[in-house]
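Trainee: I should like to take a close look at a single part of this structure. Could you please guide me through one helix and its surroundings?

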Amino acid sequence: MSMSAITDTSAFERNRGWYQTDLIEVNEPFHQLLERYSKIPSSDIIDHVKKIRDRAFESSPYPCIGLFRFTNLTLITHPLYDKIVGILKSESTDAAYLDIGCCFGQDLRRLVFDGVPSERLVGLDIERPLLELGYDLFLDRETLKSHFVIADILEAQGKTWESLEERGFDVIHCSAVFHLFTLDRQVIAAKHIARLVKKGGIIIGRQMGSVKPGDVPALTKGTFSYRHDVDTFDAMWKKVGEATQTRWNVEGVMDMVNINPNNYLEGEDSRRLLFTVTRIE
Ligand SMILES: C[S@@+](CC[C@H](N)C(=O)[O-])C[C@H]1O[C@@H](n2cnc3c(N)ncnc32)[C@H](O)[C@@H]1O
């Protein structure tokens with residue numbers, strides 16, 4: 001399929017371009033989470049995931065929903081995952097975690113499955129239906145004590161945002177979010193997010209990067225989003241630091257994990273950019 005499939009057709013046709021009808025199997029970590037955390041019988045899992053996905057795609061027709069990408073638990077692949085679980089479990093601190101653009105809250109549920117007290121975890125997304133469907137996907141509306149908030153990281157205003165700033169977070173997870181925006185908008189979002197991180201705290205995640213950093217066509221016709229390499233991501237956080245009187249250390253690697261160069265959304269220059277941004281001042 002060519003890039004024109006993204007930009008030149010009606011929204012319905014365009015969205016079908018990233019709607020995968022069938023789900024043949026659910027990968028082991030996600031299957032395990034649904035079986036052991038949500039107590040869904042193994043034989044019901046594929047049907048359950050498909051049903052929730054279809055409900056979600058009606059309100060939020062993103063590729064990550066249509067292509068079942070939300071079933072890839074990627075926080076567990078971050079090199080700091082075990083350390084983060086240790087920090088968030090520790091009884092001597094009251095460490096707090098925020099998942100920005102949490103979608104169904106799948107990575108958050110995995111932390112709970114790995115023993116983190118759920119009240120230490122907050123999920124944030126702009127799409128209320130995804131947060132609601134998260135409870136239906138994981139069957140934990142009565143048990144999960146995490147808070148979920150609806151907020152727009154480009155606006156970052158109002159009582160909800162102020163209370164997030166007041167609380168402050170030790171660990172922020174932000175995966176597949178910055179890459180949705182132009183560089184200017186990424187800077188705006190990063191400045192807002194910077195205000196939520198405690199000194200010494202970290203922002204970790206992964207996103208689509210590129211060996212040739214720059215703009216690529218975004219999902220909506222005529223719009224663009226910016227793909228970083230490690231150097232441009234570092235430069236962005238320098239700018240954010242100067243604007244917010246904070247200082248940040250950026251570490252990152254680019255690899256080919258879950259990258260398909262033949263996919264029209266990706267292409268041969270694309271890489272997975274895995275990052276850790278630490279607030280030093
Ligand atoms: C591609 S998904 C990534 C989901 C998940 N973090 C992951 O890694 O699979 C991007 C998520 O960011 C949310 N999002 C998009 N724009 C946002 C904004 N301005 N403020 C907050 N969340 C936003 C979307 O609703 C969606 O759930």
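Mentor: What follows is an account of helix α11 and of the sheet beside it, in what is a predicted model. Helix α11 spans residues 230-244. From its first C-alpha to its last, this helix of 15 residues reaches 21 Å, close to the 21 Å expected at 1.5 Å a residue.

Consider the two ends. At the start of α11, the backbone nitrogen of D231 has a side-chain oxygen of D229 within 3.0 Å. After the helix comes Q245, whose phi is positive, near 55 degrees.

Next, consider the sides. The residues F233, M236, W237, V240 and G241 of α11 are buried. They lie on the same side of α11, because they cover an arc of only 140 degrees around the axis. D231 and E242, by contrast, are exposed, on the face turned away from that buried side.

What do the buried residues pack against? Their partners are α10 (183-194) together with the strands β5, β8 and β9. These three strands belong to an open sheet of 7 strands, in the order β3-β2-β1-β4-β5-β9-β8 and with mixed pairing. Strand β8 (248-255) is an edge strand, as is β3 (147-150), and each pairs on one side only. The twist from one strand to the next averages 15 degrees.

The partner of β8 is β9 (residues 270-279); the two run antiparallel and are joined by 8 bridges. Within this pair, M254 stands opposite L273 in β9. In general, strands of a sheet pair through backbone hydrogen bonds, either parallel or antiparallel.

Note on methods. Residues numbered from 1 in each chain as written. Predicted model: local features only at pLDDT ≥ 70, side-chain atom pairs only at ≥ 80, totals over all residues. Heavy atoms only, no water. Pairing = 2+ DSSP bridges. Helix = DSSP H or I, 4+ residues; strand = E, 2+ residues; numbered from the N terminus. Axes fitted to C-alpha atoms, helices over the stretch in contact; angles between N-to-C directions. Expected span 1.5 Å × (residues − 1). Buried < 20%, exposed > 50% of the residue type's maximum accessible area, 1.4 Å probe, protein only. Arc of directions from axis to C-beta. Contact = heavy atoms within 4.5 Å. Polar contact = N/O pair within 3.5 Å; in protein donor to acceptor, adjacent residues only side chain to side chain.
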